[in-house]
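Please report on the inside of this protein. Cover its packing, its enclosed spaces and its charged pairs.

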Amino acid sequence: MRVDLITREYPPEVYGGAGVHVAELVKALRPDTDVVVRCFGMPREEQDVHSYLVPPELSGANPALATLGVDLQIARDLEGADIVHSHTWYANAAGHVGSLLHGIPHVVTAHSLEPLRPWKAEQLGGGYKLSSWIESTAFAGAAAIIAVSEGMRRDILRSYPFLDESRVLTVHNGVDLEKWKPLDDADVVRSLGIDPDRPSVVFVGRITRQKGLPYLLRAAAMLPDDVQLVLCAGAPDTPEILAEVREGVAALQRERSGVIWIDRLLSQPELSAVLTAATTFVCPSVYEPLGIVNLEAMACGAPVVGTATGGIPEVVDDGVTGRLVPIEQMQDGTGTPLDADRFVSDLAAALIEVVSDPVAARSMGESGRRRAEAEFGWDRIALRTKEIYASLL
């Protein structure tokens, strides 16, 4: 069986959870499956990995239109595959067109949903309508749709009620348990400006509306004075959200010490050391299908304080591996808290609870590592994915 896996991101060009997912899934599938990767970007040296650039004629076009230019090139090359498997809307058009053209079953893995990210109109303009159309059309034609959490599955069926529920299946994200594990390295932590002897709350994520960073900055003002806030945050979606975060960080730094903003992409060992040293990890997202970074934090032995939204409650066992922060949200696709002040207050309270009891925090982190080992290894995810492939042949 030959599976052509289509993705925008693939190492070394990875900047989000979808790229991590694809890289790990390919590695887990390859021992007994013929996997051909078709990705965006510059040429890769890895065998059976083919890269595609935006056609020169579309180099200055709206990003969504440029994406279609890449997808059509990929669709042309899918002949001979038994299954085509696309990840994110960026790759969905290639999978859908290739499926029609070559008569191949198309599997989609949904890592996020365009209807639940309306702020992308700030980023793409009219291209957001195009990306939404691509996703909807691909989902309608797919032989199977994989949701990375039950929360995501519910969102898919709510956003696209025309879908046959039996075609929407849940296969959780995973984590590389050999790569992500506790790494005590105080020197690395210090080199990043973090004091390993002070408690710390660590955030890792892109600067997007969905990640809830402005709410975290407000909550951090309520933390005890000795607690550090470590923000590993970059790749802003828009200049506006970047400016908002800059202003919030600057205001917080005027009020307290230990506010560290690392805007470069840390290496995996560096990030493992930061997560291992953390008193707690925090995921204040208002939209999060699952959050691989939560699994990475758990695998490094950090408790996770996360918003009780999307797939996060399927990862964080409240009171055992971390704490869930309640949230009531608008149903307009933005995920905006109905009462932002209350959400900020509840987030601060959960963080204070965890950082104020380092012994209990350490115990929750150890439980998180065990949970990651038991439920989120890539061998399990690959096995379930292959079962879905086989059911379509």
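The report takes cores, spaces and salt bridges in turn.

This is a predicted model, in which local features need pLDDT of at least 70, side-chain atom pairs count only at pLDDT 80 or more, and totals for chains, interfaces and linings use all residues. Residues are numbered from 1 along each chain as its sequence is written, and side-chain values use heavy atoms, with hydrogens and water left out.

**Nonpolar cores**

A nonpolar core is a set of buried Ala, Val, Leu, Ile, Met, Phe, Trp, Tyr and Cys residues joined through side-chain atoms within 4.5 Å. Buried means under 20% relative accessible area, exposed means over 50%, and partly exposed lies in between (1.4 Å probe, protein chains only). Helices (H or I, at least four residues) and strands (E, at least two) are DSSP runs, numbered from the N terminus.

The largest nonpolar core has 36 residues. Leu 275 and Phe 281 have the most contacts inside this core. Two or more residues each come from β8 (200-206), β9 (228-234), β10 (259-262), α10, β11 and α11. The top contributor is α11, with five residues. Contact means heavy atoms within 4.5 Å. Not counting residues up to four places away in sequence, Leu 275 touches Trp 180, Val 202, Val 204, Phe 281, Glu 296, Ala 297, Cys 300 and Ala 302. A second, separate core has 35 residues, including Val 201, Leu 229, Leu 242 and Phe 343.

Ser 285 sits in the loop between β11 (280-283) and α11 (292-299). Is Ser 285 buried or exposed? Its relative accessible area is 1%, so Ser 285 is buried. Leaving aside neighbours within four places in sequence, Ser 285 is in contact with Gln 210, Lys 211, Gly 212, Thr 307 and Thr 309.

**Pocket and cavities**

The search runs on a 1 Å grid over the protein atoms alone. A cavity is a set of points where a 1.4 Å probe fits but cannot get out. A pocket is an open set with protein on both sides within 12 Å along at least five of seven lines. Lining residues have an atom within 4 Å of a point. Grid points are joined across faces, edges and corners, and a volume is the space filled by probe spheres set on the points. For residue classes, Ala, Val, Leu, Ile, Met, Phe, Trp, Tyr, Cys and Pro count as nonpolar, Asp, Glu, Lys and Arg as charged, and the others, Gly among them, as polar.

The second largest pocket holds about 340 Å³ of space. Of its 18 lining residues, Thr 276, Ala 277, Ala 278, Thr 279 and Arg 362 are the closest to its centre. Two elements, α10 (268-277) and α13 (358-375), give two or more residues to this lining. The most come from α13, with five. The lining has 10 nonpolar, four polar and four charged residues.

The whole structure has two cavities of 30 Å³ or more. The largest has a volume of about 40 Å³. Its lining is Trp 119, Lys 120, Glu 122, Gln 123, Arg 209, Asp 237, Thr 238 and Ile 241. Helix α4 (residues 120-124) gives the largest share, three residues. By class, this lining has two nonpolar, two polar and four charged residues.

The second largest cavity holds about 30 Å³. It is lined by His 21, Leu 25, His 85, Thr 109, Ile 146, Val 171, His 172, Ile 381 and Thr 385. Both α1 and α14 give two or more residues. This lining has four nonpolar, five polar and no charged residues.

**Salt bridges**

Side chains of opposite charge can pair when their charged atoms come close. A salt bridge is a side-chain nitrogen of Lys or Arg within 4 Å of a carboxyl oxygen of Asp or Glu. The whole structure has 21 salt bridges. Three of them are listed here.

| Acid | Base | N to O distance |
|---|---|---|
| Asp 176 | Lys 27 | 3.0 Å |
| Asp 77 | Arg 76 | 3.0 Å |
| Glu 387 | Arg 384 | 3.4 Å |

Asp 176 forms a salt bridge with Lys 27. Asp 176 lies in the loop between β7 (168-170) and α7 (186-191), and Lys 27 in helix α1 (residues 17-29), so the pair ties together parts 149 residues apart in sequence. Asp 176 is buried at 14% relative accessibility, and Lys 27 is partly exposed at 48%.

Asp 77 is partly exposed at 25%, while Arg 76 is exposed at 51%.

Glu 387 and Arg 384 are three residues apart in helix α14 (residues 378-391), so about one helical turn separates them. Glu 387 is partly exposed at 41%, as is Arg 384 at 32%. Elsewhere, salt bridges that share partners join Glu 24, Lys 27, Asp 176 and Lys 179 into one network.
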